[in-house]
Amino acid sequence: MENKIDWSRTDGLIFDMDGTLWDAVDTYARIWNEVFLRAGKEVHITRESLIGNIGIPIPKILANLFPEIKNEDANRFSKELAEHEPELLSRYGGTPYPGVVSGLEQLSSKYKLFLVSNCDTHTLPIFMSCIGITPFITEAISFGDTHKPKGDNMLLLKEKYHLQHPLYMGDIEADGRETHRAGLPFVYARYGFGHTDDYELAFDSFEDFTNFFLKLK
């Protein structure tokens with residue numbers, strides 16, 4: 001793929017969470033099953049049924065998984081999820097991809113690091129605490145914080161921190177679309193959950209990403 005971007009000018013690294021920095025799909029499936037039960041509905045959500053929906057807002061996931069769900073049931077589930085997921089996610093956790101924690105620590109000495117995800121407002125702080133990266137992240141913004149799509153949240157960070165050449169790293173096609181809508185270059189995490197051919201740079205591991213950008217500074 002032709003690439004004319006001068007990556008040495010990069011001054012901000014914005015990351016997706018799920019499929020880019022960690023894998024917590026099994027935990028999410030477990031939590032959703034437990035929370036649905038608390039809400040009075042027994043379901044059997046699996047990793048396979050959930051993984052294709054990772055990275056999109058929860059209301060859309062509900063609509064995709066349960067197209068027949070009534071609004072009152074969806075609202076009841078969302079309320080239960082907001083109440084119980086923080087404690088359950090903190091308890092069960094997820095698995096960071098190899099090199100993520102050490103890589104972010106190293107990168108934070110040379111770049112401002114940010115997170116932008118379509119999760120609820122509590123998820124990013126729990127994620128950062130679970131894997132021990134809170135000190136390395138300048139700011140994290142979720143869909144739950146702003147109720148805006150990822151591209152808008154990228155632009156919020158760009159403006160707030162006066163970034164000239166930030167990038168976004170994600171793993172699904174929708175990440176690329178939102179990144180390009182915001183006018184930023186998209187870095188594709190091939191090792192994640194999705195597939196896309198629309199990117200400016202791609203890596204097969206987070207270690208490769210780290211090494212590439214450390215050598216530029």
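Start by selecting helix H1 and helix H3 (58-65), because this tour opens at a spot they share: each supplies at least two residues of the lining of the largest cavity. Keep in mind as you go that this is a predicted model.

**Stop 1: the largest cavity**

How big is the volume of the largest cavity? The computed figure is about 200 Å³. Now select Asp18, Tyr28, Ile58, Ile61 and Cys119; of the 17 residues that line this cavity, these are the closest to its centre. If you colour the lining by class, you will find eight nonpolar, four polar and five charged residues.

**Stop 2: the second largest cavity**

How many cavities of 30 Å³ or more does a search of the whole structure find? There are two, and the second largest has a volume of about 30 Å³. To see its walls, select Asp16, Asp18, Ile54, Gly55, Lys150, Asp171, Ile172, Asp175 and Phe193. By class, that lining has three nonpolar residues, one polar and five charged. Asp18 may look familiar: it was among the residues closest to the centre of the largest cavity, and it lines the second largest cavity as well.

**Stop 3: the largest pocket**

Leave Gly55, Lys150 and Asp175 selected, since they are also among the residues lining the largest pocket. Add Ile56, Pro57, Lys60, Asn118, Phe143, Pro149, Ala174, Arg177 and Glu178 to complete the lining. The volume of this pocket is about 210 Å³. Which helix gives the most to its lining? Show helix H9 (residues 173-181), which contributes four residues. Coloured by class, the lining of the pocket shows five nonpolar, two polar and five charged residues.

**Stop 4: helices H8 and H9**

With H9 on screen, add helix H8 (residues 150-160). The two helices pack at an angle of about 45°, with their axes 8 Å apart. That angle makes H8 oblique to H9. The crossing of the pair is right-handed. To bring out the contact, select Lys150, Gly151, Asp152 and Met154 on H8, then Asp175, Glu178, Thr179 and Arg181 on H9. By class, this contact holds one nonpolar, two polar and five charged residues. Lys150, Asp175 and Glu178 of this contact also belong to the lining of the largest pocket.

**Stop 5: helices H1 and H4**

Go back to H1, which covers residues 25-38, and add helix H4, residues 71-92. Their axes come within 9 Å and cross at roughly 135°. H1 is therefore oblique to H4. Here, too, the crossing is right-handed. On the H1 side of the contact, select Thr27, Tyr28, Arg30, Ile31, Trp32, Glu34, Val35, Phe36 and Arg38. On the H4 side, select Phe77, Glu80, Leu81, His84, Glu85, Leu88, Leu89 and Tyr92. What is the make-up of this contact by class? It has ten nonpolar, two polar and five charged residues. Tyr28 takes part in this contact and is also one of the residues closest to the centre of the largest cavity.

**Stop 6: asparagine 33**

Stay on H1 for the last stop and select asparagine 33, which lies in this helix. Which residues does asparagine 33 contact, leaving aside its neighbours within four places in sequence? Select Val43, His44 and Ile45 to see them. Valine 43 is ten residues away along the chain, and its C-alpha atom is separated from that of asparagine 33 by 6.1 Å.

Notes:
Residues are numbered from 1 along each chain as its sequence is written. This is a predicted model: local features need pLDDT of at least 70, side-chain atom pairs count only at pLDDT 80 or more; totals for chains, interfaces and linings use all residues. Side-chain values use heavy atoms; hydrogens and water are left out. Axes are lines fitted to C-alpha atoms, for helices over the stretch in contact, and angles run from 0 to 180 degrees between N-to-C directions. Angles under 35 degrees count as roughly parallel, over 145 as roughly antiparallel, 65 to 115 as roughly perpendicular and the rest as oblique. A crossing is left-handed if the near helix is turned anticlockwise from the far one by less than a right angle, and right-handed if clockwise. Contact means heavy atoms within 4.5 Å. Ala, Val, Leu, Ile, Met, Phe, Trp, Tyr, Cys and Pro count as nonpolar, Asp, Glu, Lys and Arg as charged, and the others, Gly among them, as polar. On a 1 Å grid over the protein atoms alone, a cavity is a set of points where a 1.4 Å probe fits but cannot get out, and a pocket is an open set with protein on both sides within 12 Å along at least five of seven lines; lining residues have an atom within 4 Å of a point. Grid points are joined across faces, edges and corners, and a volume is the space filled by probe spheres set on the points.
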